[in-house]
Amino acid sequence: MAVTTYLISYLKSNLLVQLALGYVFVVSGLIVNLLMLCSCVIWPFSRHLYRKIIVYLAYSHWSQVPFLAQWWSGSNVILYMKPEDLKYLGKEHTLAILNHKYDIDWVMTWLLCEEFGCLGSSKVVGKKSLRYVPLIGWAWYFTETIFLNRKWEHDKYSISRDLQKTYDFPKGYYVTLLLFPEGTRFTEKKHQASLEVSRAKGYPELKHLLLPRPKGFALITHGLKGHFQSVLNCTVGFETNGIAPTFMNIFNGKPIVGHFHIERIPLEDVPSETEEESAAYLRDLFKKKDDLFEDFLQTGKFAGPSYHFPRRVNNLLMFLFWAVLLWVPLAYYIISLFVAGTITQQLIVVAAVAAGAYIVKLMIGVTEIEKGSGYGTEVLKNGLKKSQ
């Protein structure tokens, strides 16, 4: 038993095995992106049909992330939510308000989207540069993600325009719009700048989160009323004594358990008539998230009923489809090359493997907090200067 466990652990951390996984993700992503591009010819004739196709194409690629987390590494997510609200997940259009504290808080979000059948129809509100991230960023463009320039005079028009695209989805295809109001990933430097602004302006001080930026939230909630049904206040946490919540650890096959607390709020109950009342509401919402997170650090769990979900077979089958489609011809080509190929051809394959390892490392690096921009710090400092 110990030998088997060691062998499995070795294979999961083996570079060649990981490259085989990365190969499937990259090549299938390129195929999906190409098919999305070809689907654009349908847009002028039937937007509903286009959106249905895009949802399934997006899922066929994005589902590899839940596969890696659940089937490859054995990771999972524990959901904390009122039983009477659980029935709404994946069955209505909703705006999810998330914290951005960990490298893989988005992975836990995708695991829940996968669980409730809305991964392919999920959207993010993100910075414009994300659209240039290979594969996932390109797919976000075709899935009509809301991209921001981080210049309010421009973004307020972009948000108003792009929100309208979420109103016109086919019946039974529910949109989950993912919003990170902090606008940047958590670092201690950004946190200190956030505290300075809160103290200067008399806002509630947040111990574990950054001060949210309210303008986008106000415009989005106001624009979604009458079209979306709820806001989900989501708080993500990981045990401090567990395996570090990084995508590299998932890729290395190490199991990580995420804790995910959701409070469902009817959208009609969220004030959005004025920017001031909307901003105050969002700050109170983040103070509630911060208090929840403080309790989580003390107890290792969130309060309330918890739910454990079995791994869905859908993402496993989707990965196996891509693996068979892509591994079989690759294996045949490599074997033929090393049996009958020239030294030059063989060296080219070795160089391609090295390049592939570098590309996979770069893609994982995008998920790491320390690789993030310093944008949040600059915005908070500017806010402090204005208050003074």
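Visitor: How much of the chain over residues 316-335 is helix, and how far apart are the end C-alpha atoms?

Guide: In this predicted model, residues 316-335 are 100% helix and 0% strand, with the end C-alpha atoms 27 Å apart. This stretch carries the UniProt feature "transmembrane region", taken from an unreviewed entry.

Visitor: Where else does UniProt place that feature?

Guide: The unreviewed entry also gives it at residues 20-43 and 347-364. Over residues 20-43 the chain is 83% helix and 0% strand, and 35 Å separates the C-alpha atoms at the ends.

Visitor: Which residues does UniProt list for the acyltransferase domain?

Guide: The unreviewed entry has "domain: Phospholipid/glycerol acyltransferase" at residues 94-218. Helix makes up 42% of that stretch and strand 14%, while its end C-alpha atoms lie 15 Å apart.

Visitor: Let's turn to packing. What describes two packed helices?

Guide: Two values do: the angle between the axes and the distance between them. Here, take helix α2 (residues 15-39) and α4. Their axes cross at roughly 155° and come within 11 Å. Angles over 145 degrees count as roughly antiparallel, so α2 is roughly antiparallel to α4.

Visitor: Which residues of α2 and α4 meet?

Guide: From α2 come Val17, Leu21, Val24, Phe25 and Ser28, and they meet Gln64, Val65, Phe67, Leu68 and Trp72 of α4. By class, that contact has eight nonpolar, two polar and no charged residues.

Visitor: And at what angle does α4 pack with α6?

Guide: Helix α4 (residues 64-72) and helix α6 (residues 105-115) pack at about 100°, with 9 Å between their axes. The two helices are therefore roughly perpendicular to each other. On the α4 side the contact uses Val65, Pro66, Ala69 and Gln70, and on the α6 side Trp106, Val107, Trp110, Leu111 and Glu114. These residues divide into seven nonpolar, one polar and one charged. Val65 is worth finding on your screen: it meets α6 and also belongs to the contact with α2.

Visitor: Now for enclosed space. How many cavities of 30 Å³ or more are there in the whole structure?

Guide: The search finds two. The largest holds about 170 Å³ of space, and the second largest has a volume of about 50 Å³.

Visitor: Which residues lie nearest the centre of the largest cavity?

Guide: Of its 18 lining residues, Leu89, Cys113, Thr176, Leu232 and Ile262 lie nearest the centre. Elements that give two or more residues to this lining are β2 (94-97), α6, β5 (176-179), β6 (230-238) and β7 (257-266). Helix α6 gives the most, with three residues. Sorted by class, the lining has 13 nonpolar, four polar and one charged residues.

Visitor: Which element gives the most to the lining of the second largest cavity?

Guide: That is helix α3 (residues 47-62), with four residues. The lining consists of Tyr50, Arg51, Ile54, Val55, Gly120, Lys123, Phe142, Thr143, Glu144 and Phe169. By class there are five nonpolar, two polar and three charged residues around this cavity.

Visitor: Which helix should I revisit to link packing and cavities?

Guide: Try α6: this helix packs with α4 and gives the most to the lining of the largest cavity.

Key: Residues are numbered from 1 along each chain as its sequence is written. This is a predicted model: local features need pLDDT of at least 70, side-chain atom pairs count only at pLDDT 80 or more; totals for chains, interfaces and linings use all residues. Side-chain values use heavy atoms; hydrogens and water are left out. UniProt positions are given in the numbering used here, feature names are shortened, and annotations may be inferred rather than shown by experiment. Axes are lines fitted to C-alpha atoms, for helices over the stretch in contact, and angles run from 0 to 180 degrees between N-to-C directions. Angles under 35 degrees count as roughly parallel, over 145 as roughly antiparallel, 65 to 115 as roughly perpendicular and the rest as oblique. Contact means heavy atoms within 4.5 Å. Ala, Val, Leu, Ile, Met, Phe, Trp, Tyr, Cys and Pro count as nonpolar, Asp, Glu, Lys and Arg as charged, and the others, Gly among them, as polar. On a 1 Å grid over the protein atoms alone, a cavity is a set of points where a 1.4 Å probe fits but cannot get out, and a pocket is an open set with protein on both sides within 12 Å along at least five of seven lines; lining residues have an atom within 4 Å of a point. Grid points are joined across faces, edges and corners, and a volume is the space filled by probe spheres set on the points.
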